[in-house]
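Welcome to this guided tour. Open your viewer, get your selection tool ready, and follow along one stop at a time.

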Amino acid sequence: MRLRHRKWADDVLLANKDIARTLADFEPETLQDYENLEIGSGQGGFLLEVCKLQPQERYLGVEINRNAFALAVKHAAMVKEDRHNFLLLNAPIERVFPLLKDQQLNTIYLNFSDPWPKKKQHHRRLTYPTLQKEYHRILKEDGTLYFRTDNIDLFNDSIEYFKEADLFDFEIIQPFYSENVDYLPPTEYETKFRAKGVQINVLIAHPKKK
Ligand SMILES: C[S@@+](CC[C@H](N)C(=O)[O-])C[C@H]1O[C@@H](n2cnc3c(N)ncnc32)[C@H](O)[C@@H]1O
């Protein structure tokens, strides 16, 4: 069963090299054309929607998990004829940072990042202070980072990480409702959690002067 899925994923990726790459098959400098980044783009619903809303901006979606990535590519292939402003990349973000220029990005989206609940795993959280140094480097001075989660422990810890790193000014929206704003359309995870009545929390961060 697992092998069958892999074969399906391989076929989808092979047929859609124009919109989906791995680190093995792309020219690193092409990443410098993108002004917006979603880290952990999952099945791609958010990225494809925001691409439609902002056709003049280019979006890069980075996803480490091959199965989620393959599903995103499948969804993207269905709409790629009318959306020409995105690239999906199957890679860990840690391998992508060196390929991004200083002050390249208008926005970074961390949508429902993995909570890594055990203390010894906390350094893997995408809001961890060590990663914030990279976010601060690659965001423009007037850029914005949006972090959204249902997980209250991750959210509260992340507020502490932002204070500790001291690289961003930030505000929080708690509870957050996607329908009240036009800049953060719902993701697959958000739709799932909202249906269960779970509160969604958002942190919006702006780089302090470099
Ligand atoms: C909980 S899912 C959320 C997916 C999607 N953003 C959503 O809201 O529906 C988190 C995603 O982040 C991806 N991810 C976690 N760590 C990552 C990393 N270091 N680099 C790239 N993707 C990562 C996971 O594989 C997973 O697909």
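Start with the whole chain on screen: buried residues make up 34% of its 210 residues. Here a residue is buried if 20 or more other C-beta atoms lie within 10 Å of its own, exposed if 12 or fewer, and partly exposed in between, with C-beta atoms placed from the backbone. What you see is a predicted model, in which local features need pLDDT of at least 70 and side-chain atom pairs count only at pLDDT 80 or more, while totals for chains, interfaces and linings use all residues. Residues are numbered from 1 along each chain as its sequence is written.

**Stop 1: the overall view**

Switch to a cartoon display and you can find seven helices and eight strands. Both are DSSP runs numbered from the N terminus: helices are H or I with at least four residues, and strands are E with at least two. Rotate the chain: along its principal axes the C-alpha trace spans about 45 × 40 × 35 Å. The radius of gyration is 17 Å, which agrees with the value near 17 Å for a compact globule of 210 residues. That radius is taken over C-alpha atoms, and the globule rule is 2.2 Å times the number of residues to the power 0.38.

Of the contacts with a separation of 6 or more, 78% are between residues 24 or more positions apart. Two residues are in contact if their C-beta atoms, placed from the backbone, lie within 7 Å.

**Stop 2: around the ligand**

Which residues come nearest to the ligand? Select Gly40, Gly42, Phe112, Thr187 and Tyr189, which come nearest of the 19 residues around it. The elements that give two or more residues to this shell are β3 (59-63), α4 (93-96) and α7 (188-195). A residue is near a molecule if its C-beta atom, placed from the backbone, lies within 6 Å of it.

Now colour the shell by class: there are eight nonpolar, seven polar and four charged residues. Ala, Val, Leu, Ile, Met, Phe, Trp, Tyr, Cys and Pro count as nonpolar, Asp, Glu, Lys and Arg as charged, and the others, Gly among them, as polar.

Stay with Phe112, in the loop between β5 and α5. Phenylalanine 112 counts as buried because 21 C-beta neighbours lie inside 10 Å. Its phi is positive, about 55°, although it is not a glycine.

**Stop 3: strand β3 and the core**

Select glutamate 63 in strand β3. Is it buried or exposed? With 27 C-beta neighbours inside 10 Å, glutamate 63 counts as buried. Not counting residues up to four places away in sequence, glutamate 63 touches eight residues you can light up: Gly40, Ser41, Gly42, Ala68, Phe69, Ala72, Leu88 and Asn90. Asparagine 90 is 27 residues from glutamate 63 in sequence, yet their C-alpha atoms are 5.1 Å apart in space.

Next, show the largest nonpolar core, which has 40 residues. Such a core is a set of buried Ala, Val, Leu, Ile, Met, Phe, Trp, Tyr and Cys residues joined through C-beta atoms within 7 Å. The members that touch the most others are Leu37, Leu47, Tyr59, Leu60, Val73, Leu88 and Ile108. Pick Tyr59: leaving aside neighbours within four places in sequence, its contacts include Tyr34, Leu47 and Phe86.

**Stop 4: two helices**

In helix α2 (residues 45-53), select the buried residues Gly45, Phe46, Leu47, Leu48, Val50 and Cys51. Their cover includes β2 (36-39), β3, α3 (66-79), β4 (86-90), β5 and α7.

Move to helix α5 (residues 129-138), where Leu131, Gln132, Tyr135 and Ile138 are buried. They lie on the same side of α5, because they cover an arc of only 130° around the axis; the arc is that of the directions from the helix axis to the C-beta atoms. Among the elements covering them are β5 (105-111), β6 (139-149) and α6 (152-165).

**Stop 5: unusual backbone spots**

Most residues other than glycine have a negative phi, and most peptide bonds are trans. Aspartate 166, in the loop between α6 and β7, has a positive phi near 60°. With 10 C-beta neighbours inside 10 Å, aspartate 166 counts as exposed.

For the last selection, go to proline 175 in the loop between β7 (168-173) and α7. The peptide bond from glutamine 174 to proline 175 is cis, with omega near 5°.
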